[in-house]
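Here are a few notes to read alongside the model. Take them one at a time and keep the picture open as you go.

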Amino acid sequence: MSVWIDEKLCNGCRRCLKACPYNAVEVEEGKARILERCTSCGACLAECPQSAIFTDIEPRSIPDFSDRKGVWVFAEQEEGRLMPVSLELLGKASELAAELDEDVSALLLGSRVSGLAPTLLEYGADRVYLAEHRALKVYRTLAYTRVVSELIEELRPGIVLMGATTVGRDLAPRVSRRVGAGLTADCTGLAIDPEERILLQTRPAFGGNVMATIANRYSRPQMATVRPGVMEPRRRQGGKGRVIRRKVSLLEKEIGVKLLERVKEKRKGEALSRARVVVAGGRGVGDRTGFRALERLAAVLGGEVAGTRVAVEEGWIPQDRQVGQTGLTVRPELYVACGISGAIQHRAGMMGSRYVIVVNRDPRAPIFQVADWGIVGDLRDVVPEMTKRLKRVLGR
Amino acid sequence: MNIIVLIKQVPDTTEVKLDPRTGNLIREGIDSVMNPDDRHALEAGLRLKESGGGKVTVLSMGPPQAIDVISEALGMGADRGVLLTDRAFAGADTWATSHTLGKAVEKIGDYDLILCGRQAIDGDTAQIGPQVAEYLGIPQVTYVFGMEEVKGRSMTVRRRIEAGYERLRVSLPALFTVTAEANSPRDPVIGSLLAACGAKAPIQVWDAADLGMTTAQVGLEGSLTHVIRTFPPKSQRAGEILEGSPAQAVEDLVGRLKERNLI
């Protein structure tokens, strides 16, 4: 089983190189060459204008899934409160369902949580499947897996979405394996392919250096977890829909895990992830006192201070204020990036901001690529100037 | 207690760069390392062995050179290593990978605990742990950062959650995914590392046939999800540079903020 190129036909146009999701094509001296790491996925075949690429792979047949309908959202709640990502997912699900001409269902599991169902209807669910049981009071993998998997197997949805939270990332892979479905983690983009009518799932890979679009052609439901803070919740007027109660029978001994206690620790970064304005600093801030100026600007704007991994590693700001791939994802109305070069890992955590202001001495810093407004200059001059002027304008 | 630790060799993504011209990932010349979270899982396994006895087996799937991370694990104190390598494993998604690893765990057999890292830095999916646990039909606990006592056929662990942490009692055998918060991994011992790289090292290499799997069950063919496109991250913002002295630029900026009712 392999893919090969006929050198005589190849004109070195590099289209196959661009099409290859695995970087397994190389062009040398005007001829393309397939490398060892080729997985025989066949993505290059259709791209070649010379028809110079050949394969002996038999095309895999796609099963008929025309009976799989509906977009489902796992409505995650904790201690009777809905996680914001659940409403964000309903917003996206409504959009996808409209394109497919299907409807949206929310799965609500817990103990005495029926009061949350109207909110789900208001935010886009046409139907809420409600499963209440004492054993579902706190999230436990096997209890939740069983209820969700049984619903999927009985009602056969086409798409199932969950938040990429500690619960969603524990539950989704377990359910996917049980129901025999492919799963894509931590998506930042979801869309319906207009021709194939399948879900296109886009996510960052390699620490956010590359975006990859993934399809799930060979199994149903198409499952994905989605990063919190990426999709928009949409409230609708007079949300109508039905709440359908599901009977649940669960035995403690089949759950395998017993909760002894739950210890609350102050939620790190909560104020930051909800902030309307974030003023963030990076290496260019220089030292801890440099962050004072950022704090003053944040105070005037009624915002929060954050930083890059470098700022955290240097000890200029605490770890729970780190924005980026390994820190928090924020999506304020206004993000002010000061002395931040804009490594892709940092950008991953702030790309969802409504407007971005960049202050940096280096006009070639990649952060300018994501700026709405940029000021090239020394932040030691620019930031105090901003503080002064905004204070005057805002009368603070 | 017999422990199997799942480890993965990954490119060191802190070194990853993009080709500015093509936007493609430059993979050549990048070192491969043991996935950072897996190192914490291995350390946790070694500590359990030291306090309660038993054996630690490390299991990895990857190209032939992934044997390096197995040698390193033996150098840190693991007793035995198994490498799953086969051209047919290439391009596997988490469905095919968890199937293959699950088969290998069954073939190794006789385990009380399976440990793996929270997630791998090249894929960041965090799916393999739960999917292997489901394949084997055993309980799982993800985000484990503390292990307390082992009592009979159960164990108490601490699991990190958004609001703090949970203390859970889990029946064994079970699978845990371990976070970096759990411990500080040891360095390999030079003597053991050298022995682990030698011909007599206790490392076995299995291919698809050894696991009783057909090529249709593994790698790209055995996968349910497929990458159909990769591209560099892009921005769609205006990117207006405000010129002039700091005072002038800031004045313009304040004007823009007012226009959009941001202040």
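1. A quick definition before we start: two strands count as paired if DSSP finds at least two bridges between them. Keep in mind, too, that this is a predicted model. Strand E22 (residues 373-376) of chain A and E15(B) pair in the parallel sense, with 2 bridges. Within that pairing, A:Trp373 sits opposite B:Glu240.

2. Now zoom out to the whole sheet. It is open, has 6 strands and follows the order E19(A)-E18(A)-E20(A)-E21(A)-E22(A)-E15(B), with parallel pairing. At the edges you'll find strand E19 (304-307) of chain A and strand E15 (240-241) of chain B, each pairing on one side only.

3. Which strands does helix H7 of chain A touch? H7(A) (residues 288-301) packs on the sheet against E18, E19 and E20 of chain A, and its direction makes about 170 degrees with that of E18(A). Chain B adds helix H6 (residues 246-259), which lies across E20, E21 and E22 of chain A together with E15 of chain B.

4. Have a look at E18(A). 5 of its 5 residues are buried, so the strand is largely enclosed by the rest of the structure. A:Val277, A:Val279 and A:Gly281 are buried on one side, and A:Val278 and A:Ala280 on the other. In general, side chains of a regular strand alternate between the two faces of the sheet.

5. What are the neighbours of E18(A) up to? E18(A) runs parallel to E20(A), joined by 5 bridges, and A:Val277 stands opposite A:Leu334. E18(A) also pairs with E19(A) over 4 bridges, again parallel, where A:Gly281 has A:Gly307 as its bridge partner.

Definitions and conventions
Residues numbered from 1 in each chain as written. Chains lettered and ligands numbered in written order. Predicted model: local features only at pLDDT ≥ 70, side-chain atom pairs only at ≥ 80, totals over all residues. Heavy atoms only, no water. Contact = heavy atoms within 4.5 Å. Axes fitted to C-alpha atoms, helices over the stretch in contact; angles between N-to-C directions. Buried < 20%, exposed > 50% of the residue type's maximum accessible area, 1.4 Å probe, protein only.
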